[in-house]
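Grab a coffee and open the viewer. Below are some short exercises, each with a worked solution to follow on screen.

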Amino acid sequence: MSNAEDHFKNVISHSKEYGFIFQSSEIYDGLSAVYDYGQNGAELKKNLRDYWWKAMVQLHDNIVGIDAAIFMHPTTWKASGHVDAFNDPLIDNKDSKKRYRADVLIEEHVAKIEDKIRKEVEKAAKRFENFDQKLFLQTNPRVVEYAEKINSINSRFKKAMEDGNLDEVKQIILDLEIVCPISGTRNWTDVRQFNLMFATQLGSVSDESSTIYLRPETAQGIFVNFLNVQKTGRMKIPFGIAQTGKAFRNEIVARQFIFRMREFEQMEMQYFVKPGTEMESYEYWKNARMRWHQSLGFGENRYRFHNHLKLAHYANAACDIEFEFPFGFKELEGIHSRTDFDLKNHEEFSGKKLRFFDPETKESYIPYVVETSVGLDRLFLATLATALKTEKIEDGSERTVLNLPHALAPVKVAVLPLVNKDGLPELAQKIVDELKFDYQVQCEEKDTIGKRYRRQDAIGTPLCITIDHQAIEDGTVTIRERDSMTQERVPLNAIKKIVDERVSLSSLLKKL
């Protein structure tokens, strides 16, 4: 088993042990691909959501937020194309009885070839001092052969999907000799399309009910409220509407912990622009969103752009920000230039005008849209997987620590009275009461101070305040910093200022 696989298993076990993520309905043997966030997970998820919201809405004068309902009129999904086109190409292995997304099988095969190129580059870089990577990629025969193979696969797959030729998609899988990861065989069924929307009934009597859907994305709630927000907010083009919320997809191939789930949370922003200016905004938001991700401090080399080969039916440009998860580079956020597809279709299906009137030019037009859409659960997984570390410390022992950005930590400060007597618990509670209006604070009295430090390290608490007898005598306490484990003695009246400087969300926002 590789180190990455071991690490991913550690992430999953750590999530349960320390109250981040639990299997949904676990006492009933669980529900596949559905998870619950525990007490620390809910806080971390909220902090990630808050950081996104403040960066997108609070820091931009022309972006506002809404909270649209999960249930929408069923015609919404006909207009958006989801009823007819929201499908995944699926293929079964006859031996293992396992079902896979055909496009993912091909993408993973391509990723293996890309990994071979990366390894060739790394080997060459070690051999030559003044290594020219660009020249190497263009001239090395083996690398050129790999690149040509990737281009051929991508071109062939793109055409097959555009033509709706599922027989060709299966043939690509056969030609590439892709095997089932479980059975190791190539005994595949035909490729079929499967609609991913959850349907339910509206109404108490079945004869009178109508079919509605759990929303598969949050974007349509923004589009149908375009004019409501524009008029009541007196918004001028360009402007954006943001929202976060649950979405639901009947994923047949749900795997990799919380990476792909049936119930998940999105953070989306639709940016309305004048037709003809969309590519400028598209490039701006590509760079702005990459800066946001990199501000978390996980390392620039963990991110990359991936341009879409097959564009969605609504887009004229699209790319993903991919992140290096323990199981490889995968999509974290999508940036799409959606043209006027959504508003134009909703105008047609509803019979209501969804246009912007520019009082200066006297023009009336359907705006184009640039979308940014990040999966909050995937962001949570990226954060947890990157932050979880096992470190050797000076005494030769090991500690498990979550090196979370301080502002995102579930608990910002732990207050630890050295003993449970002599006025120390009372002083600890006084400090908690002073900080809890602004920060999530925890007071812990049980076990040795070393064990308490280890528990707080494991949930990512940035600062621990130890209350000893000297605190009663001279009004000073010890503050321990999580990452460096350094300790400093500070007066009681300095605690709030120190905490504000080291764990507030503004410290992250100022990096943008």
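Two strands count as paired if DSSP finds at least two bridges between them. Keep that cut-off handy for the sheet exercises. Also bear in mind that this is a predicted model.

**Exercise 1. Work out what the mean pLDDT of the protein chain is, and which elements score lowest and highest.**

*Solution.* Start with the whole chain: the average pLDDT is 91, and 98% of the residues score at least 70. Next, go element by element. Helix α4 (residues 82–85) has the lowest mean, 78. Strand β3 (residues 63–65) has the highest, 98. As a general habit, where pLDDT is low, don't read the predicted coordinates in detail.

**Exercise 2. Trace the open sheet of 7 strands and find which strands stand at its edges.**

*Solution.* Step one is the order: β3-β9-β10-β16-β13-β12-β11, with mixed pairing. Step two is the ends of that list: β3 and β11 (303–307) each have a single partner strand, so one side of each has no neighbour in the sheet. Step three is the twist, which averages 25° from one strand to the next.

**Exercise 3. Follow the bridges: how many join β9 to β10, β12 to β13, and β13 to β16?**

*Solution.* Take the pairs in turn.

- β9 (residues 239–248) and β10 (residues 263–273) run antiparallel and share 10 bridges. To get your bearings, find Q243 and look across to its bridge partner in β10, E268.
- β12 (residues 317–325) and β13 are also antiparallel, with 9 bridges. Here C319 stands opposite I335, and a hairpin of 2 residues links the strands.
- β13 and β16 are joined by 6 bridges and run antiparallel. H336 pairs with E371 in β16.

While you're on β13 (residues 328–339), check how covered it is: 9 of its 12 residues are buried. Then look for what lies over the sheet. Helix α2 (residues 39–58) lies across β3, β9, β10 and β16 (368–375), and runs at about 160° to β9.

**Exercise 4. Compare two helix pairs, α1 with α13 and α7 with α8: at what angle does each cross?**

*Solution.* First pair: the axes of α1 (residues 3–17) and α13 (residues 376–387) come within 10 Å and cross at roughly 110°. An angle from 65 to 115 degrees counts as roughly perpendicular, so that is the label for α1 against α13. The contact brings H7, F8, V11 and S15 of α1 up against L381, L384 and A385 of α13. Sort those residues by class and you get 5 nonpolar, 2 polar and no charged.

Second pair: α7 (residues 141–163) and α8 (residues 166–175) have axes within 9 Å that cross at roughly 155°. Anything over 145 degrees counts as roughly antiparallel, so α7 and α8 get that label. On the α7 side, the contact uses R156, F157, A160 and M161. On the α8 side, it uses E168, V169, Q171, I172 and D175. The tally for this contact is 5 nonpolar, 1 polar and 3 charged residues.

**Exercise 5. List the buried residues of helix α12 and say what covers them.**

*Solution.* Walk along α12 (residues 341–350) and pick out F341, D342, L343, N345, H346 and E347 as buried. Now look around them: the cover includes α3 (75–80), α9 (219–223), α10 (226–232), β10 and β13. Just past the helix, G351 takes a positive phi of about 80°.

**Exercise 6. Hunt for backbone oddities: which peptide bond is cis, and are S25 and T339 buried or partly exposed?**

*Solution.* Begin with the background: most residues other than glycine have a negative phi, and most peptide bonds are trans. The cis bond runs from I237 to P238, with omega near 0°. P238 sits in the loop between α10 and β9.

Now for phi. S25, in the loop between β1 (21–23) and β2 (35–37), has a positive phi near 55°. With a relative accessible area of 37%, S25 is partly exposed. T339, in strand β13, also has a positive phi, of about 55°. Its relative accessible area is 15%, so T339 is buried; the cut-off for buried is under 20%.

Technical notes:
Residues numbered from 1 in each chain as written. Predicted model: local features only at pLDDT ≥ 70, side-chain atom pairs only at ≥ 80, totals over all residues. Heavy atoms only, no water. pLDDT = per-residue confidence, 0-100. Helix = DSSP H or I, 4+ residues; strand = E, 2+ residues; numbered from the N terminus. Axes fitted to C-alpha atoms, helices over the stretch in contact; angles between N-to-C directions. Contact = heavy atoms within 4.5 Å. Buried < 20%, exposed > 50% of the residue type's maximum accessible area, 1.4 Å probe, protein only. Parallel < 35°, antiparallel > 145°, perpendicular 65-115°, else oblique. Nonpolar A, V, L, I, M, F, W, Y, C, P; charged D, E, K, R; others polar.
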